[in-house]
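Student: I've got a model open and would like to walk through it with you. Can we start somewhere specific and work outwards?
Tutor: Sure, here it is.

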Amino acid sequence: MLFQNNKLTVRKLAKEDNYLLAKWLSDPAVLQFYDGRDNPFDLEKVNEKFYPLQDNVVRCIIAFDSLKIGYIQYYLLNINTRKKYGYLNDKDVIYGMDQFIGETQYWDRGIGSLLIKSMVAYLINKKRINKVVMDPQAWNKRAIRCYEKSGFKKIKLLPCHELHEGEYRDCWLMEYRETE
């Protein structure tokens, strides 16, 4: 287990979690916000995307009240991403995060904010980071509101940043900066 905060638990992804990911990522309600409804995942696609042999992504399962409800990942920004986001000359340690709640009955219950705040606290305390960034699609108001409630600020608009449902969509670069 990475951490627990009240009823929220985050642990590293296990091989047997692939069935949950396939279930969540074939649900049109979830896909509307993650990868697009035109891009459903089967077990083979889940195994290809979420179980590579080597990369710098730490993949995790989110549980609430002992029920597995979603997925979160974090990673040290690589040089290409730092350049794309405008952090090439920034000396800070910067991590990126991506997440979704796959059990839709847990949406709009404050769990997303609890998750984001808890993961940021974990990264600051355990990884000694200075910044965390995310890049939600500009139309995803619920996610942006959740991230802002969790201390993230919009830094800049990333035009045509992410292919989603057949078109390139604008995203917001959002940043959480650790203050002394």
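Tutor: Let's begin with F33, which touches W107, W139, N140, R142 and H164, leaving out residues up to four places away in sequence. Keep in mind that this is a predicted model.

Student: Where does F33 lie?
Tutor: F33 is in the loop between helix 2 (28-31) and helix 3 (43-50).

Student: And is F33 buried, exposed or partly exposed?
Tutor: F33 counts as partly exposed, because its relative accessibility is 28%.

Student: How far apart are F33 and K149 in space?
Tutor: Their C-alpha atoms are separated by 19 Å, and the two residues are 116 residues apart along the chain.

Student: Switching to pockets: how much space lies in the largest pocket?
Tutor: About 1,300 Å³. It is lined by 49 residues, and F33 turns up again here: the closest to the centre are F33, Y34, D98, Q99 and Y147.

Student: What does the lining look like by class?
Tutor: There are 23 nonpolar residues, 13 polar and 13 charged.

Student: Y147 caught my eye. Which residues outside its own stretch of sequence does F152 contact?
Tutor: Y147 is one of them. Leaving aside neighbours within four places, F152 is also in contact with I116, V120, V132, V133, M134, M174, E175 and Y176.

Student: Buried or exposed, that F152?
Tutor: Buried, since its relative accessibility is 2%. F152 sits in the loop between helix 6 (141-149) and strand 7.

Student: I116 and V120 were among those contacts. Which residues of helix 5 are buried?
Tutor: I116 and V120 are both on that list, along with I111, S113, L115, S118, M119, Y122, L123 and I124.

Student: How many residues does helix 5 have, and what does it span?
Tutor: Helix 5 (residues 111-127) has 17 residues and reaches 23 Å from its first C-alpha to its last, close to the expected 24 Å. Just after helix 5 comes R128, with a positive phi of about 55 degrees.

Student: Which non-glycine in strand 7 should I look at for backbone angles?
Tutor: Look at C160, where phi is near 45 degrees, a positive value in a residue other than glycine. C160 lies in strand 7 (residues 153-164).

Student: What about D65?
Tutor: D65 is not a glycine, yet has a positive phi of about 55 degrees. You'll find D65 in the loop between strand 3 (57-64) and strand 4 (67-76).

Student: And how far is D65 from K45?
Tutor: 29 Å, C-alpha to C-alpha, with the two 20 residues apart in sequence. K45 lies in helix 3 and is partly exposed, because its relative accessible area is 24%. K45 touches N39 and P40, not counting residues up to four places away in sequence.

Student: New topic. Where is confidence highest and where is it lowest?
Tutor: Strand 2 (residues 8-12) is highest, at a mean of 98, and helix 4 (residues 79-85) is lowest, at 94. The chain's mean pLDDT is 95, and 98% of its residues reach 70 or more.

Student: One last residue, then: what's T9 doing in strand 2?
Tutor: T9 has its place there, and touches M1, F3, Q4, I61, I62 and A63, again not counting residues up to four places away in sequence.

Student: Why does T9 count as buried?
Tutor: Because its relative accessibility is 19%, and buried means under 20%.

Key: Residues numbered from 1 in each chain as written. Predicted model: local features only at pLDDT ≥ 70, side-chain atom pairs only at ≥ 80, totals over all residues. Heavy atoms only, no water. Helix = DSSP H or I, 4+ residues; strand = E, 2+ residues; numbered from the N terminus. Expected span 1.5 Å × (residues − 1). Buried < 20%, exposed > 50% of the residue type's maximum accessible area, 1.4 Å probe, protein only. Contact = heavy atoms within 4.5 Å. 1 Å grid on protein atoms, 1.4 Å probe; cavity = no way out; pocket = protein on both sides within 12 Å on 5 of 7 lines; lining within 4 Å. Points joined across faces, edges and corners; volume = space filled by probe spheres on them. Nonpolar A, V, L, I, M, F, W, Y, C, P; charged D, E, K, R; others polar. pLDDT = per-residue confidence, 0-100.
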